[in-house]
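Below are my notes on the model, set out as numbered points. Please read them with the coordinates open.

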Amino acid sequence: MNSLLAEHRSQLLQALPKFSDLPILIVGDVILDEFIWGRVDRISPEAPVPVVEVTRESVHLGGAANVAANLAALGAEPLLVGVVGDDEARPRLCRQLELQGIASNGLLSEPDRRTSVKTRIIAHHQQVCRADRESRRPLSSETRMSLLEAFRERLPRSQAVLLSDYAKGVLADPLPVQLASDARELEKFVALDPKNRDFSIYRGVSAITPNQREAEAASGLSISDETSLRAAAVRLRQQTKASQVLITRGEEGMVLLDQDQLYPIPTMAREVFDVTGAGDTVIALFTLGVAAGLSPPAAAVLANLAAGIVVGKLGTAAVTRQELEQALG
């Protein structure tokens, strides 16, 4: 157990029971993740590609829906708002939400829009390829107003707001600023997982959680050491006015800029099988931790611990309270 985790261990253990039934409002791009599992024994005679003999298939929640799944797995109450198409993927997505106890009445349908579906082919514990079916255009003005209405209806009873941007059009400018403004009026903590290179469209959020590549692109700085890391985080804070900037760095762990203090947090991952959805776990745990009363550094340590667990699983996955207790114990 690293020193930062040891320092916060007691505080984290006390916070876990507070997650139960904690309402967190999630807005963003919901995705249906399909997995086709199989094995490869030969190369196709038609082209130099592997032939995957399919052994099974599975369906999981992705994007903002996976964030909701992470919250539900820890006993919290996800209040999910998003936009899907009126197509065959919608009932499949709603069914997966219902199986995990997540209400689907916050999903709006937009005519002529496709529900985002990512299909991954996995063989011998490795991803062979991925096929995406989706629409990335911004929402119509009518759908955007309906989404705002659904958001405002759920906002008063939520303990925090989480915005999950996967660049599928739901959180296009100017919606993030409007959502953050509404939340701030009610003094709600707002965390955002970004995809747009222009972070100024996220002005007004409380915290932002880019990965290192996204942080470099948005700040215009190459991150190579602690000095450049701090400079990039400070620039992102200036662009967004966020109090916290949490940059995830893969095998390097993550770093949190909280006010003017920089907290390097080393990775807790022992084995990395699949990083799919790891960012969803990070923002879910960070937001949930803050909502439960943890300080931002303690919440970041918890998010880092959870990410270390989830990357050891194959496919889109969530972490459970029991797994966190075992890791802390």
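1. The buried residues of helix H2 are Ala64, Ala65, Asn66, Val67, Ala68, Ala69, Asn70 and Leu71. Because eight of the ten residues of H2 are buried, with the cut-off for that class set at under 20% relative accessible area, the helix is largely enclosed by the rest of the structure. This is a predicted model, so the statements in this note describe computed coordinates. After the helix comes Gly75, whose phi is positive, near 90°.

2. What does H2 pack on, and which strands does it touch? Helix H2, residues 64-73, packs on the sheet and touches S2 and S3, and the direction of the helix makes about 70° with that of S3. The sheet in question is open and has four strands in the order S3-S2-S6-S7, with mixed pairing. Its edge strands are S3 (50-63) and S7 (126-133), each of which pairs on one side only, and from one strand to the next the twist averages 20°.

3. Within that sheet, strand S2 (residues 30-43) pairs with S3 in the antiparallel sense, over 13 bridges. The connection from S2 to S3 is a hairpin, made through six residues. Two bridge partners can be checked directly in the coordinates: Ile43 is matched with Pro50 of S3, while Phe35 is matched with Ser58 of S3. As background to the pairing, strands of a sheet pair through backbone hydrogen bonds, either parallel or antiparallel.

4. Is Glu34, a residue of strand S2, buried or exposed? At 13% relative accessibility Glu34 counts as buried, because that value falls under the 20% limit for the class. The side chain of Glu34 has a polar contact of 2.5 Å with the side chain of Thr119, and a polar contact of 2.8 Å joins the side chains of Glu34 and Arg133. Leaving aside residues up to four places away in sequence, Glu34 touches Ser58, Arg92, Val117, Lys118, Thr119, Arg120 and Arg133. Ser58, listed among these contacts, is also the bridge partner of Phe35.

5. A separate point concerns two helices, H9 (residues 296-310) and H10 (residues 321-328), which pack at an angle of about 105° with their axes 10 Å apart. That angle makes H9 roughly perpendicular to H10, because the class covers 65 to 115 degrees. On the H9 side the contact is made by Leu302, Leu305, Ala306 and Ile309, and on the H10 side by Glu323, Leu324, Ala327 and Leu328. By class, the contact of H9 with H10 has seven nonpolar residues, no polar residues and one charged residue.

6. Finally, a loop residue: Ala172 lies between strand S8 (160-164) and helix H5 (175-185). At 23% relative accessibility Ala172 counts as partly exposed, because the buried class ends at 20% and the exposed class begins over 50%. Ala172 and Leu192 are 20 residues apart along the chain, and their C-alpha atoms are separated by 13 Å.

Note on methods
Residues are numbered from 1 along each chain as its sequence is written. This is a predicted model: local features need pLDDT of at least 70, side-chain atom pairs count only at pLDDT 80 or more; totals for chains, interfaces and linings use all residues. Side-chain values use heavy atoms; hydrogens and water are left out. Two strands pair if DSSP finds at least two bridges between them. Axes are lines fitted to C-alpha atoms, for helices over the stretch in contact, and angles run from 0 to 180 degrees between N-to-C directions. Contact means heavy atoms within 4.5 Å. Buried means under 20% relative accessible area, exposed over 50%, partly exposed in between (1.4 Å probe, protein chains only). Angles under 35 degrees count as roughly parallel, over 145 as roughly antiparallel, 65 to 115 as roughly perpendicular and the rest as oblique. Ala, Val, Leu, Ile, Met, Phe, Trp, Tyr, Cys and Pro count as nonpolar, Asp, Glu, Lys and Arg as charged, and the others, Gly among them, as polar. A polar contact is a pair of N or O atoms within 3.5 Å; within protein, one must be able to donate a hydrogen and the other to accept it, and residues adjacent in sequence count only if both atoms are side-chain atoms.
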